[in-house]
Each structure stands twice: as structure tokens, then as C-alpha cells.
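This report introduces a protein structure to a reader who has not met it before. The account moves from the chain as a whole to one helix and then to one residue.

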Amino acid sequence: MRDHCLCFATHRAARALARRFDAALAPYGLTSGQFSLMMALNRPEAPRLGDLALFLAMDRTTLTANLKPLERAGLVSIQPDETDKRSRRPRLTRQGEAALAAAVPTWQATHELIDVEIVEATDLRHGLALIAGVG
């Protein structure tokens with residue numbers, strides 16, 4: 001199984017990648033998951049929670065739990081949707097935008113190092129996107 005199972009290999013690789021990015025982003029007070037979530041919020045219009053959960057391939061409960069520490073840190077604010085008060089829209093605060101901008105160069109440098117280590121990184125990204133149904 002260890003040498004053949006794609007699910008096992010993907011989980012193991014994902015954990016190892018997350019640890020590398022966690023270490024790189026630690027000086028900014030962010031985890032790799034928080035950085036990814038903030039990048040997903042880095043857009044002109046705040047998304048609805050449900051749309052964001054779908055984009056990130058996570059359930060709404062998990063997304064809400066992941067947003068709470070960012071909200072407590074003042075990096076994200078969550079407001080009711082103006083057209084549908086039952087729906088909420090998370091957005092980066094100015095502090096969140098600044099934190100994200102500060103961390104992006106380190107994120108890029110970490111990616112560049114990994115791309116050098118993985119000769120076929122583009123093929124890997126394409127294959128993962130196909131598996132996720134977004135490629």
C-alpha cells in the first residue's frame with residue numbers, strides 16, 4: 001500500500017508541504033491554512049461563506065472554525081450579506097491585507113524552492129487539479 005496508494009501518498013505529501021509552509025509563514029503569525037484562506041479572501045468583493053467553502057473544498061462548519069482565529073486577530077471581519085441577512089461575507093481587514101502582503105514574498109520564495117526540488121511540479125499541479133475537478 002505504502003508504495004502504490006495515491007491517497008496515502010497525497011496525504012503524506014500534503015502534511016509535509018503544510019509543515020514547510022507553516023515554518024516559512026510562522027514569522028508572520030500565520031499557518032499555511034490561514035494563509036490559503038486569506039488568499040481566497042483577497043478579492044474585490046467578499047464572497048458568501050457557502051461559495052468560499054465550495055471554492056476551498058471544505059464544509060461550512062470547518063470554514064467558520066478556521067475563520068474565527070483570523071477574526072479574533074483582526075485580520076478578517078465577517079459581515080451580513082446586504083441582500084440576504086441570513087448569509088455572511090468574510091473579508092480581509094486592512095490589517096489582514098497588510099499581513100498577507102508581508103507574507104507573500106516568503107510564500108513565493110518557498111514555492112520557488114519546492115519547484116526546484118520537484119522537477120515536474122507543473123505536471124503535479126495539473127494532475128492534482130484534475131483530481132480535484134478544477135483542471
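The protein chain carries 17 positive and 15 negative side chains, and 7 Å separates the centres of the two sets. The structure is a predicted model.

**The chain as a whole**

Six helices and two strands make up the regular elements of the protein chain. Their order along the sequence is α-α-α-α-β-β-α-α, with the two strands following four helices and preceding two others. Taken along the principal axes, the C-alpha atoms fill a box of roughly 50 × 30 × 25 Å. The chain has 135 residues, of which 27% count as buried. About 9200 Å² of the chain is exposed, and carbon and sulfur atoms supply 58% of that area. Of the contacts between residues at least 6 apart in sequence, 45% join residues at least 24 apart.

The elements that enter the descriptions below are located as follows.

| Element | Residues |
|---|---|
| Helix H2 | 32–41 |
| Helix H3 | 49–56 |
| Helix H4 | 60–72 |
| Strand E1 | 76–80 |
| Strand E2 | 88–92 |

**Helix H3**

Which residues of helix H3 are buried? They are Leu 49, Leu 52 and Ala 53. These residues lie on the same side of H3, because they cover an arc of only 100° around the axis. Among the elements that cover the buried residues of H3 are helix H2, helix H4 and strand E2. The other side of H3 holds Leu 54 and Phe 55, both of which are exposed. Just after H3 comes Ala 57, with a positive phi of about 60°.

**Asp 81**

Where is Asp 81 placed? This residue belongs to the loop that runs between strand E1 and strand E2. Is Asp 81 buried or exposed? Its relative accessibility is 2%, and residues under 20% count as buried, so Asp 81 is a buried residue.

The surroundings of Asp 81 can be described in two parts. Its side chain reaches the backbone nitrogen of Thr 83 at a distance of 2.8 Å. When neighbours within four places in sequence are left aside, the residues in contact with Asp 81 are Arg 48, Ser 87, Arg 88 and Arg 89. Strand E2 covers residues 88–92, and this strand also helps to cover the buried residues of H3.

Key: Residues are numbered from 1 along each chain as its sequence is written. This is a predicted model: local features need pLDDT of at least 70, side-chain atom pairs count only at pLDDT 80 or more; totals for chains, interfaces and linings use all residues. Side-chain values use heavy atoms; hydrogens and water are left out. Buried means under 20% relative accessible area, exposed over 50%, partly exposed in between (1.4 Å probe, protein chains only). A polar contact is a pair of N or O atoms within 3.5 Å; within protein, one must be able to donate a hydrogen and the other to accept it, and residues adjacent in sequence count only if both atoms are side-chain atoms. Contact means heavy atoms within 4.5 Å. Accessible areas come from the Shrake-Rupley method with a 1.4 Å probe; for residues, only the protein chains shown count as cover. Lys and Arg count as positive and Asp and Glu as negative; His and the chain ends are not counted. The place of a charge is taken as NZ of Lys, CZ of Arg, CG of Asp or CD of Glu. The arc is that of the directions from the helix axis to the C-beta atoms.
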